[in-house]
Amino acid sequence: MTGIQLRVGLGHDTHRLGPNRPLILGGIRIEFDRGLVGHSDADIVLHAVTDALLGAAGLGDIGDAFPDTDPAYAGIDSAILLERALNRVRAAGWQPVNLDCTIFAQRPKLASYKPAIRQRLAELVGLPVESVNVKAKTGEHVGPIGREEALSADAVVLLEKQDARRSS
Ligand code: MG
């Protein structure tokens with residue numbers, strides 16, 4: 001007899017803030033006078049979620065899967081990277097159960113954007129919106145987050161083996 005098989009995965013990402021860049025968090029364009037610097041679109045939320053998915057399935061990390069030295073990924077929409085990672089996770093027999101994430105930003109204030117980010121993450125990961133949660137924290141004016149030098153995101157994902165519900 002086999003029980004339900006679950007795996008948890010953790011993801012984290014940090015990018016520097018810089019001028020003349022759009023700010024995109026969780027696939028949503030955020031109004032701000034700076035954006036995140038990176039090889040792709042530098043969407044820390046989608047990068048953290050992608051790493052959480054890969055981690056839960058035991059498939060390494062986003063840097064293994066999509067090297068930032070590869071010109072194919074320059075400026076790429078991180079939703080495409082997440083979709084490709086999710087395809088690998090599903091091909092390995094795993095299905096997301098829920099997703100929780102925290103975005104660390106002194107500014108801009110993200111409260112008004114949280115519902116849109118939540119909705120977009122639910123679409124991208126293929127979950128009902130109730131199974132996705134988005135939190136936002138400031139840096140309390142200390143450290144690289146608090147000094148507005150960088151933004152960070154953490155994510156945790158639970159996966160269930162796709163055929164694990166049969167016996168229930
Ligand atoms: Mg990144």
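The exercises below treat salt bridges and one helix packing in a predicted model.

Residues are numbered from 1 along each chain as its sequence is written. In this predicted model local features need pLDDT of at least 70 and side-chain atom pairs count only at pLDDT 80 or more, while totals for chains, interfaces and linings use all residues, and side-chain values use heavy atoms, with hydrogens and water left out.

**Exercise 1.** Describe the salt bridge between Arg107 and Glu148 and place both residues in the chain.

*Solution.* Step one is the criterion: a salt bridge is a side-chain nitrogen of Lys or Arg within 4 Å of a carboxyl oxygen of Asp or Glu. The side chains of Arg107 and Glu148 satisfy it with an N to O distance of 3.1 Å. Step two is location, with helices (H or I, at least four residues) and strands (E, at least two) taken as DSSP runs numbered from the N terminus. Arg107 lies in the loop between strand E5 (94-104) and helix H4 (114-125), and Glu148 in the loop between helix H5 (143-146) and strand E7 (150-161), so that the pair, 41 residues apart, links distant parts of the chain. Step three is accessibility, where buried means under 20% relative accessible area, exposed over 50% and partly exposed in between (1.4 Å probe, protein chains only). Arg107 is partly exposed because its value is 39%, whereas Glu148, at 19%, counts as buried. Finally, Arg107 and Glu148 belong to a network of salt bridges that also links Asp33 and Arg34.

**Exercise 2.** What separates Glu123 and Arg120 along helix H4?

*Solution.* The two residues form a salt bridge whose closest N and O atoms are 3.1 Å apart. Because they stand 3 residues apart in helix H4, about one helical turn separates them. Glu123 is partly exposed at 48%, and Arg120 is partly exposed at 27%.

**Exercise 3.** How are helices H3 and H4 oriented, and which residues make their contact?

*Solution.* Axes are lines fitted to C-alpha atoms, for helices over the stretch in contact, and angles run from 0 to 180 degrees between N-to-C directions. Helix H3 (residues 78-91) packs against H4 at about 40 degrees, with the axes 10 Å apart. H3 is therefore oblique to H4, given that angles under 35 degrees count as roughly parallel, over 145 as roughly antiparallel, 65 to 115 as roughly perpendicular and the rest as oblique. Ala79, Leu82, Leu86 and Arg90 of H3 are in contact (heavy atoms within 4.5 Å) with Arg120, Leu124 and Val125 of H4.
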